[in-house]
Amino acid sequence: MSGVLRTVNRVLLGLAGLVLVCVGGGVTAAALGLSVPSWWPWSGKNDVLLSEADRDRWRSDGWWWPTVIAVLAVLVVLALWWLLAQLRRARLAEVLVDSGDGEGALLRGRALEGVLAAESGALDGVARAQVVLTGRRSTPQARIRLLMEPHAAPEEALDRLTDEALAHAKDSAGLARLPAEVRLRAVKHRAERVS
């Protein structure tokens, strides 16, 4: 869902920005007395957004109000969906563990995150590790952030993370695979004085 949400956010922000730039540019051009297209609703400094004739044009038609209400209802539903999608927690609450009897067992996502973070944080050169599980409970994915010490070798830490911490988590939860996105960041430290 996060990929879909990211795409929807970018499209909505892009469209809103494009509309605002076009409308703002057109209004500015009309206010400055520059030439605007003939279909543009404002052509001078004293024009209004909707004239009285424009406001009363479709009021007597039977289709006008149902159409306006339907369009506004769709916009409200889409806005509510977008808002709820922003507030939705991306963290995985449970992981489905194959217990061998065909039933399966549920492992708390926070427990697996904690163990994976502790084992990742204990690696040489790692100052701190944060882990968040996302995806579905049968196919979890890990997002790992490692805060690296100044002396750490990122390639070694990444190899050990893959071979040890992620492999242990995958094996202990009985998962076929545990894809991970790892972000490395260096710890901020003062420059050492050499005397």
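Buried means under 20% relative accessible area, exposed means over 50%, and partly exposed lies in between, with a 1.4 Å probe and protein chains only. This is a predicted model, in which local features need pLDDT of at least 70 and side-chain atom pairs count only at pLDDT 80 or more, while totals for chains, interfaces and linings use all residues. Residues are numbered from 1 along each chain as its sequence is written, and side-chain values use heavy atoms, with hydrogens and water left out.

**Exercise 1. Place Leu80 and classify its exposure.**

Step 1. Find the element: Leu80 sits in helix α3. Helices (H or I, at least four residues) and strands (E, at least two) are DSSP runs, numbered from the N terminus.
Step 2. Apply the cut-offs. Leu80 has a relative accessible area of 47%, so it is partly exposed.
Step 3. Look around it. Leu80 belongs to a nonpolar surface patch with Leu12, Val76, Trp81, Trp82, Leu83, Leu84 and Leu87. Together they have about 780 Å² of accessible area. Patches take residues with over 30% relative accessible area and no salt bridge; like charges are joined within 9 Å, and nonpolar side chains (Val, Leu, Ile, Met, Phe, Trp, Tyr) within 5 Å. A salt bridge is a side-chain nitrogen of Lys or Arg within 4 Å of a carboxyl oxygen of Asp or Glu.
Step 4. Trace the source: helix α3 (residues 64-87) gives the largest share, seven residues.

**Exercise 2. Find the residues of the positive patch, and the elements that give two or more of them.**

Step 1. List the residues: Arg6, Arg10, Arg128, Arg143, Arg145, Arg185 and Lys188.
Step 2. Name the elements: α1 (2-31) and β4 (140-148) each give two or more residues.
Step 3. Check one member. Arg143 lies in strand β4. Its relative accessibility is 36%, so Arg143 is partly exposed.

**Exercise 3. Is Thr134 buried or exposed, and what does it touch?**

Step 1. Thr134 is in strand β3 (residues 126-135).
Step 2. Its relative accessibility is 10%, so Thr134 is buried.
Step 3. Leave out residues up to four places away in sequence. Thr134 then touches Ala90, Leu92, Thr139, Pro140, Gln141 and Arg143. Contact means heavy atoms within 4.5 Å.

**Exercise 4. Describe the surroundings of Val182.**

Step 1. Val182 is in strand β5 (residues 180-186).
Step 2. At 26% relative accessibility, Val182 is partly exposed.
Step 3. Beyond four places in sequence, Val182 touches Ile144, Leu146, Leu158 and Leu161.

How values were computed: Areas by Shrake-Rupley, 256 points an atom, 1.4 Å probe, with all protein chains shown as cover. Lys, Arg positive; Asp, Glu negative; His and termini not counted. Charge placed at Lys NZ, Arg CZ, Asp CG, Glu CD.
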